[in-house]
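Have a look at the model below. A few questions and answers follow, to be read with the structure open.

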Amino acid sequence: MKAAVVKGRRLVAYEEVPTPSAQPGTLLLKMKYCCVCGSELEYVDNQRAPQNPIVAGGILGHEFVAEVAEVGVDMAFVCVRRGGNVLKQAFDMVRVQGRVILAGYTESVKLDTTSWLRKQVRIEGSLNRGAKMATALKLLEYKRVNVKPLITEIIPLKDVQRAFDSMYGGENIGVLLKP
Ligand SMILES: [Zn+2]
């Protein structure tokens, strides 16, 4: 199978790798799309967390749309893009006494604490555990959130280096890689 393989700092290659097999208690998934995550950009850039060195030969991709190979069930996972502006927008949009759930890494941002107080907003962190993921999937299912603007380009997996370059360069905020 083909995969996006880390080669070095800001270098990702489209390469042939062995196809894995499903182990007990795991699934073998056939990827339909894979999103380039902000955490992968930071990992391959290796600037913010130099204590977490790049492992050449590592295979990227943890946000994806896939079919379970054996039974054909569709699954979808979505996570917030990086960018402090998104957090500010969420804070402005939320109703009085509402909640803002931060489900992805962003830069540190300044919050207007006076409007936070007046609006009585709760801000929670979530790292894809617990009931919040189920809530997020319900919001998607009932089309209560529009995630389409978060994907700015769909790029073939074979052009994975261009996908990373376009996100480092700021031309894209969210890329789906299509195998
Ligand atoms: Zn991610």
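Q: How many helices and strands are there in the protein?
A: Helices here are DSSP runs of H or I with at least four residues, strands are E runs of at least two, and both are numbered from the N terminus. From the N terminus on, the order is β-β-β-α-β-β-α-β-α-β-α-β-α-β. That makes five helices and nine strands.

Q: Where in the protein is confidence lowest, and where is it highest?
A: This is a predicted model, in which local features need pLDDT of at least 70 and side-chain atom pairs count only at pLDDT 80 or more, while totals for chains, interfaces and linings use all residues. Residues are numbered from 1 along each chain as its sequence is written. pLDDT is the predictor's confidence in each residue, from 0 to 100, and its mean over the protein is 80, with 84% of residues at 70 or more. The low point is strand β5 (residues 74-76) with a mean of 32, and the high point, at 96, is strand β8 (residues 153-156).

Q: Over residues 73-82, how many contacts are there beyond near neighbours in sequence?
A: A contact means that two C-beta atoms, placed from the backbone, lie within 7 Å. The pLDDT stays below 50 over this stretch, yet in the model its count of such contacts is 28.

Q: Why do the buried residues of α5 lie on the same side of the helix?
A: Buried means 20 or more other C-beta atoms within 10 Å of a residue's own (exposed is 12 or fewer, partly exposed is in between; C-beta atoms are placed from the backbone). In α5 (residues 160-168) the buried ones are V160, A163, F164 and M167. They sit on the same side of α5 because they cover an arc, taken from the directions from the helix axis to the C-beta atoms, of only 95°.

Q: Which elements do those buried residues of α5 pack against?
A: Two of the partners, β1 and β2, run antiparallel and are joined by six bridges; strands pair if DSSP finds at least two bridges between them. The full set of partners is β1 (2-8), β2 (11-16), α1 (38-45), β8 and β9 (175-178).

Q: Which residue in β2 is the bridge partner of V5?
A: The hairpin of β1 and β2 has two residues between the strands, and R10 takes a positive phi near 60° there. Across in β2, V5 is bridged to A13.

Q: Is A66 buried or exposed?
A: A66 belongs to strand β4 (residues 63-68). With 20 C-beta neighbours inside 10 Å, A66 counts as buried.
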